[in-house]
Amino acid sequence: MLANPDGPAARTEEEIAQASWFRDPKLQRDEEREQWVCAIGRDHRVSFWTSPDLRSWEQREEFAYRDLDPDGPDLGGVECPDLFPLTADDGTAHWVLGASLDGNGAGEPTNYAYWVGVWDGERFAPADPAPRWLDRGEDWYAAVTWPSAEDPEHVRHAIGWMNNWAYARAASATAASDGQYSVVREVRLMRDDDGALTLVSTPVPTLAATATAARDLADQEVVPGETDGTGSDDAERAEGLTELGALGRAAALEMDVSWDDAAEAAVTVVGSADGSRGTRITLGGGQVRVDRSGSVLMQSAADDGAGAADDADPDGAAEPFSGLTAAIAPIDPAARSAHLQILVDTQSVEVFLDDGRTAMSMTVHPSPGEEHVRLHAVGGAARFTGLRLREH
């Protein structure tokens, strides 16, 4: 049995709060040392324990992320810690420590953070003390990973909870569900051009086999329309739009996007027929932005007719998504093209850029019939090629 060492001695409120954060044990086999490792979430740290037989346990050195990076953001207590070995695409072997952390108050995602480093059997030492993020959307929390059956040395599978503590409690008070699961992903470790190691994630290939239909769409060049001629700013803001139609409530859309002559290129999904609502994915200016402000739950849908939504959230703090309506992830400022994959379900949009080097997961609340997809170009022409639609 593995007991909380802080529990018996806790007396003050602070000590009890520290002791009570002892959660989410995750087991991993350490074959090199013929032992089991258990990672446990604590307040601002991960506690490691090892055992030769899953019966007797010895506590090892804790990983306190703020001690390693005192100037870094305060991301709160650790949930769902995740320690595992993984071999990178260049053949080098590493250990990865993952954790779900709350970055909402620090300008970071509330999501799955990770460090790449060395586990020596007693402690984990990261190559870089600053955490990185496997997903930079607002809704991929409490994720768990496990080795793939086909290639456990190089590939892990992962699934996340699509919700956020900033609004999860308010949502569950008025809805029949409290978020949903993401699609299952393949997670790999890749060596970047600058020598850094990055976890990338993409939907498992078997997801495509569940499609009810698949078809290619025509290539599109989107060109802004005429401006009113009042100045250069109008030309910069000019936007072109192409309507692809209602493509289904659950679908996967894959494409190559280039914006050599444009300031931005964008795709709107779960859009309304009149264009007033939808979730917009924008590329350009050194970032990808997923803006779901047009997919906020309509009050008529949130209210059950007896004022339940208003009673649960009298100040309206949970709408829209407690203000977390747009997520932003950095990309190369010089980039003028990208490979984009978008998964749309009835209440979710999951975005994968450049084969999973950037992933962004967002819950959305479209109204019935909001299934339209539109392509946009801002400040110049953009091209959308290799469009492939899978219906689910």
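This passage goes through the overall make-up of the chain, its nonpolar cores and some of its strand pairing.

The model is a predicted one, so to speak of local features pLDDT has to be at least 70, and side-chain atom pairs count only at pLDDT 80 or more, while totals for chains, interfaces and linings use all residues. Residues are numbered from 1 along each chain as its sequence is written, and side-chain values use heavy atoms, with hydrogens and water left out.

To start with the whole chain, it holds six helices and 27 strands (DSSP runs numbered from the N terminus, with helices being H or I of at least four residues and strands E of at least two). Of its 392 residues, 48% come out as buried, where buried is under 20% relative accessible area, exposed is over 50% and partly exposed lies in between, using a 1.4 Å probe and protein chains only. The accessible surface adds up to about 18,100 Å², with 49% of that belonging to carbon and sulfur atoms (Shrake-Rupley method, 1.4 Å probe; for residues, only the protein chains shown count as cover). As for contacts (heavy atoms within 4.5 Å), take those between residues at least 6 apart in sequence: 60% of them join residues at least 24 apart.

Next, the cores. A nonpolar core here is a set of buried Ala, Val, Leu, Ile, Met, Phe, Trp, Tyr and Cys residues joined through side-chain atoms within 4.5 Å. The largest one has 38 residues, and Val 267, Val 269 and Phe 384 have the most contacts inside it. Setting aside neighbours within four places in sequence, Val 269 touches Gly 278, Thr 279, Ile 281, Ile 342, Val 344, Val 349, His 372 and Val 373. There is also a second, separate core of 18 residues, with Ala 39, Phe 63, Val 78 and Trp 119 among them.

On to the strands, where pairing requires that DSSP finds at least two bridges between two strands. Strand β27 (residues 382-391) pairs antiparallel with β15 (residues 213-216) over four bridges, and Ala 213 sits opposite Glu 391. With β16 (residues 220-222), β27 shares three antiparallel bridges; Glu 221 has Arg 383 as its bridge partner. Strand β18 (residues 251-258) also runs antiparallel to β27, over seven bridges, one pair being Asp 256 and Thr 385.

Elsewhere, four strands make an open antiparallel sheet in the order β1-β2-β3-β4. Its edges are β1 (23-30) and β4 (58-59), each pairing on one side only. Two antiparallel bridges join β3 (residues 45-51) to β4, and Trp 49 is matched with Gln 59 in β4.
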